[in-house]
Amino acid sequence: MARRSIAKDTALVRQRLGNRPIVLVGLMGAGKTSVGRRLAEKLGIAFVDADQEIEAAAGQPIKDIFAEHGEAYFREGERRVIQRLLGNGAQVLATGGGAYMNDETRARIRAEGVSVWLKAPLPLLMKRVAKRHDRPLLQTEDPEAVMRALIDKRYPIYAEADVTVESRDVQHGQMVNDVIRALALWDGWERRAS
Ligand code: S3P
């Protein structure tokens with residue numbers, strides 16, 4: 001069977017999406033923000049980064065929220081901000097790595113959006129997270145051990161996302177095409193009419 005062009009798949013995904021958000025989930029370093037930004041551009045919809053919105057709402061960077069108020073406080077703010085953002089219609093919403101672990105957030109994403117897990121191999125995640133030093137969970141002696149533990153804990157939950165796309169060490173544009181192809185092939189659009 002001839003493969004549809006990426007332009008056709010893009011148009012198809014945009015049309016099927018209707019007024020819903022595409023929500024990107026996955027571990028730190030999976031490429032949610034960089035792929036998400038380009039995906040939104042290609043689909044002609046807004047890009048929103050949940051972490052940035054949390055920082056704007058709190059008036060301080062995430063590392064300071066963790067340091068001053070602790071993780072539980074951050075998670076509560078994260079839950080509230082994502083609930084608000086989900087109501088904003090068609091957009092690509094990149095979430096922080098822990099957001100999808102919250103039961104309520106996950107249920108809302110399922111009810112109101114289409115979720116995509118960007119699943120990257122550990123060496124690629126480590127290469128990417130090494131470039132930034134402001135992620136509070138990784139300010140430890142052994143960030144790789146933390147990431148391994150997060151993989152064990154979170155992967156079974158991330159697997160509940162509607163669509164999984166293997167994140168590879170390729171140009172972001174290629175990843176965007178992979179996400180669009182996967183969404184065009186997704187068989188859940190009808191079941192979850194917009
Ligand atoms: C976190 C991931 C971060 C940020 C916070 C906690 C996590 O977002 O929300 O540092 O629990 O995995 P990114 O996944 O965008 O790095």
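What follows is a chat between a colleague and a modeller about how to read some features of this predicted model.

Colleague: Let's start with the inside. Which residues touch the most other members of the largest nonpolar core?

Modeller: The general idea is to look for buried nonpolar residues joined through their side chains. Here the largest such core has 60 residues, and Ile22, Leu39, Val116, Met147 and Leu183 touch the most other members. Helix α9, residues 172-185, gives the most to this core, with 7 residues.

Colleague: Take Val116. Where is it, and what is it in contact with?

Modeller: Val116 sits in strand β4, which covers residues 114-119. Its relative accessibility is 0%, so Val116 counts as buried. Leaving aside neighbours within four places in sequence, Val116 is in contact with Ile22, Val23, Leu24, Val25, Ala161, Val163, Val165, Val179 and Leu183. For a sense of distance, the C-alpha atoms of Val116 and Ile180 are separated by 10 Å, with their positions 64 residues apart along the chain.

Colleague: And which residues does Met147 touch?

Modeller: Not counting residues up to four places away in sequence, Met147 touches Leu27, Met28, Leu122, Leu125, Met126, Val129 and Leu138.

Colleague: On to the rings. How many aromatic pairs does the structure hold?

Modeller: There are 5. To read one, check how far apart the ring centres are and the angle between the planes; between 30 and 60 degrees a pair counts as tilted. For Phe66 and Phe74, the centres are 4.9 Å apart and the planes are at 40 degrees, so that pair is tilted. Both Phe66 and Phe74 are buried. Tyr155 and Tyr158 also make a tilted pair, because their planes are at 50 degrees, with the centres 6.0 Å apart.

Colleague: How are Tyr155 and Tyr158 placed in their helix?

Modeller: They lie 3 residues apart in helix α8, residues 143-158, so about one helical turn separates them. Tyr155 is buried at a relative accessible area of 14%, and Tyr158 is buried at 0%. Together with Trp117, these two tyrosines form one aromatic cluster.

Colleague: What sits over the ring of Tyr100?

Modeller: That's the charged end of Arg106, 5.9 Å from the ring centre.

Colleague: Now the charges. How many salt bridges does a search of the whole structure find?

Modeller: The general idea is that side chains of opposite charge can pair when their charged atoms come close. The search finds 18 salt bridges in this structure. Try Glu71 and Arg75, whose side chains meet at 2.9 Å, N to O. Both lie in helix α5, residues 71-86, 4 residues apart, or about one turn of the helix. Glu71 is partly exposed, with a relative accessible area of 36%.

Colleague: What about Arg79 in that helix: buried or exposed?

Modeller: Buried, because its relative accessibility is 18%. Arg79 forms a salt bridge with Glu76, and the closest N and O atoms are 2.7 Å apart. These two are 3 residues apart in helix α5, so again about one helical turn separates them. Glu76 counts as partly exposed, at 33% relative accessibility. There's also a network here: salt bridges link Glu76, Arg79, Arg80 and Glu104.

Colleague: Which parts does the pair of Arg110 and Asp162 tie together?

Modeller: First, the bridge itself: the closest N and O atoms of Arg110 and Asp162 are 3.7 Å apart. Arg110 lies in helix α6, residues 103-112, and Asp162 in the loop between α8 and β5, so the pair ties together parts that are 52 residues apart in sequence. Arg110 is partly exposed, at 44% relative accessibility, whereas Asp162 is buried, at 16%.

Colleague: Last one. Why does Arg128 have no salt bridge?

Modeller: Here you need the cut-off: the nitrogen has to be within 4 Å of a carboxyl oxygen. The nearest side chain of opposite charge is Asp169, 4.9 Å away, so buried Arg128 has no salt bridge. Arg128 is in helix α7, residues 122-129. Not counting residues up to four places away in sequence, Arg128 touches Gly29, Ala30, Gly31, Ser167 and Arg168.

Technical notes. Residues are numbered from 1 along each chain as its sequence is written. This is a predicted model: local features need pLDDT of at least 70, side-chain atom pairs count only at pLDDT 80 or more; totals for chains, interfaces and linings use all residues. Side-chain values use heavy atoms; hydrogens and water are left out. Buried means under 20% relative accessible area, exposed over 50%, partly exposed in between (1.4 Å probe, protein chains only). Lys and Arg count as positive and Asp and Glu as negative; His and the chain ends are not counted. Contact means heavy atoms within 4.5 Å. Rings of Phe, Tyr and Trp (its six-membered ring) pair if their centres lie within 6.5 Å; planes under 30 degrees apart count as stacked, over 60 as edge-to-face and the rest as tilted. A charge sits over a ring if NZ of Lys or CZ of Arg is within 6 Å of the ring centre and within 35 degrees of the ring normal. A nonpolar core is a set of buried Ala, Val, Leu, Ile, Met, Phe, Trp, Tyr and Cys residues joined through side-chain atoms within 4.5 Å.
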